Amino acid sequence: MTPPPRRVKQWLTGQNGLDKLRMEEVDCPAPGEDEVLVEVHAVSLNYRDTEVAMGLYNHHKSVEHPPALVPCSDMSGVVVAVGPSSKNTSDPLKSPTFRLQPGDRVISTFAPTHLSGQVQAADVANGLGGPAPGVLTQYRVFPTYGLVKVSDYLSDEEASCLPIAAMTAWMSLNCMRPTGKIVGPGETILCQGTGGVSIAGLQIASAAGADVIVTSSSDEKLKRAEKLGAKYLVNYKTRPDWDAAVLEATSNAGADIIFELGGALTLRKSFECVKFGGLIACIGYLSGKQDEAGDRTNTNLLCLKRNITLKGILNGPRDKLQEMLQFYEQKGIRPVVDRVFTFEEGNEALKYLYSGGHFGKVVIKVKN
Ligand SMILES: NC(=O)c1ccc[n+]([C@@H]2O[C@H](COP(=O)([O-])OP(=O)(O)OC[C@H]3O[C@@H](n4cnc5c(N)ncnc54)[C@H](OP(=O)(O)O)[C@@H]3O)[C@@H](O)[C@H]2O)c1
């Protein structure tokens, strides 16, 4: 293993626009107690990274971002140096179970202190790529508890896609179930659009034997979704009444779980096509964060009339990521990488994601 260089490159955003990111050179950091230095190999992009870069990621009111920030949260890489281990093993964050060795292949977790159970405000305040420094850098120090080992069957690019998009899909499908039970045959899942979260949801739910309905603005993307196992396809541009199309596809029963990714312009329709007793996983806000005046039917009423569970999803804990990784390996699931950019093209990669032209994930290859 070659020793890390003295100086390393990283991208920086002043959160003032997608065209204003800049690259800088800094000293290579050294790991402290219970920390490791990781050579970053690949970084996958999430919609939130574009929002952070534009200064629009502001719905966690208690979280203050520093003025300049290394963007992005999801990386895969290799441990190249290990700091000393703490003697205080009674601290759950210093448990020997987290220890890593040089050469271990790892991925980051989005909110490193979120190890298990319900996410807390303090975990959100540790989120990588805002407010904590992100991963779009050649080398980064991580606490050992903020990394998870990944299997060799995944490429660096594929592995980098898992921490947010796939984890959020896994939690949307499985977080309301008794431990060990996951979504499966006889259930219908509706995935809105063909971005990172949706396509991960399609892959997981199909592998588990559930039926998946995918909506998209593009017939060409719908064909790709079909090849990945989507059973019903709806173009939400040519069928603005996509909720009716979902009911048609399910003999009027509706979907058991809806990946609610659109927000302002889609939630109302999701209520119309969710099954009695079903779950709407509130994940995103691609069509806006503010409701339009107009149909203001009260959300309480919309929930109760079909006995719906409306569940906010905010990524997931480390132990669930490990559970998901086992499922991925068992089923041989490989995340869909739409396009790979070079490290020098980091800013172009963010613009491409924001354009919405992708299917699945956009990745930056940091190490050639
Ligand atoms: N809560 C969480 O933990 C969490 C985690 C990850 C993401 N998110 C949120 O979830 C959303 C998706 O994130 P992502 O990273 O998967 O995004 P992404 O990869 O950028 O996906 C964007 C895709 O969504 C589809 N889309 C856009 N507007 C839509 C609409 N009005 N109705 C249906 N589909 C629409 C489009 O697909 P087509 O081109 O096929 O039409 C677009 O390509 C974002 O709002 C993000 O902030 C939340």
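Is Asp27 buried, exposed or partly exposed? In this predicted model, Asp27 comes out as partly exposed, with a relative accessible area of 49%. That sits just inside the class, because exposed starts over 50%.

Asp27 has a salt-bridge partner in Arg7, with the closest N and O atoms 2.9 Å apart. The pair ties together distant parts of the chain: Arg7 belongs to strand S1 (residues 7-12) and Asp27 to strand S2 (residues 22-27), 20 residues apart. Arg7 is partly exposed too, at a relative accessible area of 34%.

The structure holds 20 salt bridges in total, and a couple of others are worth a look. Asp338 and Arg224 pair up at 3.9 Å, N to O. They bring together strand S14 (residues 337-342) and helix H6 (residues 219-227), with the two positions 114 residues apart in sequence. Asp338 is partly exposed at 21% relative accessibility, and Arg224 is partly exposed at 32%. Back at the other pair, Arg7, Glu25 and Asp27 form one network through salt bridges that share partners.

Glu187 and Arg177 make a salt bridge as well, at 2.7 Å, N to O. Both sit in the loop between helix H4 (162-174) and strand S8 (188-192), ten residues apart. Here Glu187 is buried, with a relative accessible area of 15%, while Arg177 is partly exposed at 25%.

Then there is Val148, in strand S7 (residues 147-149), which counts as buried at 2% relative accessibility. Beyond its neighbours within four places in sequence, Val148 touches residues including Val106, Ile107, Leu321 and Leu325. Val135, 13 residues away in sequence, lies 15 Å from Val148, C-alpha to C-alpha.

Terms used:
Residues are numbered from 1 along each chain as its sequence is written. This is a predicted model: local features need pLDDT of at least 70, side-chain atom pairs count only at pLDDT 80 or more; totals for chains, interfaces and linings use all residues. Side-chain values use heavy atoms; hydrogens and water are left out. Helices (H or I, at least four residues) and strands (E, at least two) are DSSP runs, numbered from the N terminus. Buried means under 20% relative accessible area, exposed over 50%, partly exposed in between (1.4 Å probe, protein chains only). Contact means heavy atoms within 4.5 Å. A salt bridge is a side-chain nitrogen of Lys or Arg within 4 Å of a carboxyl oxygen of Asp or Glu.
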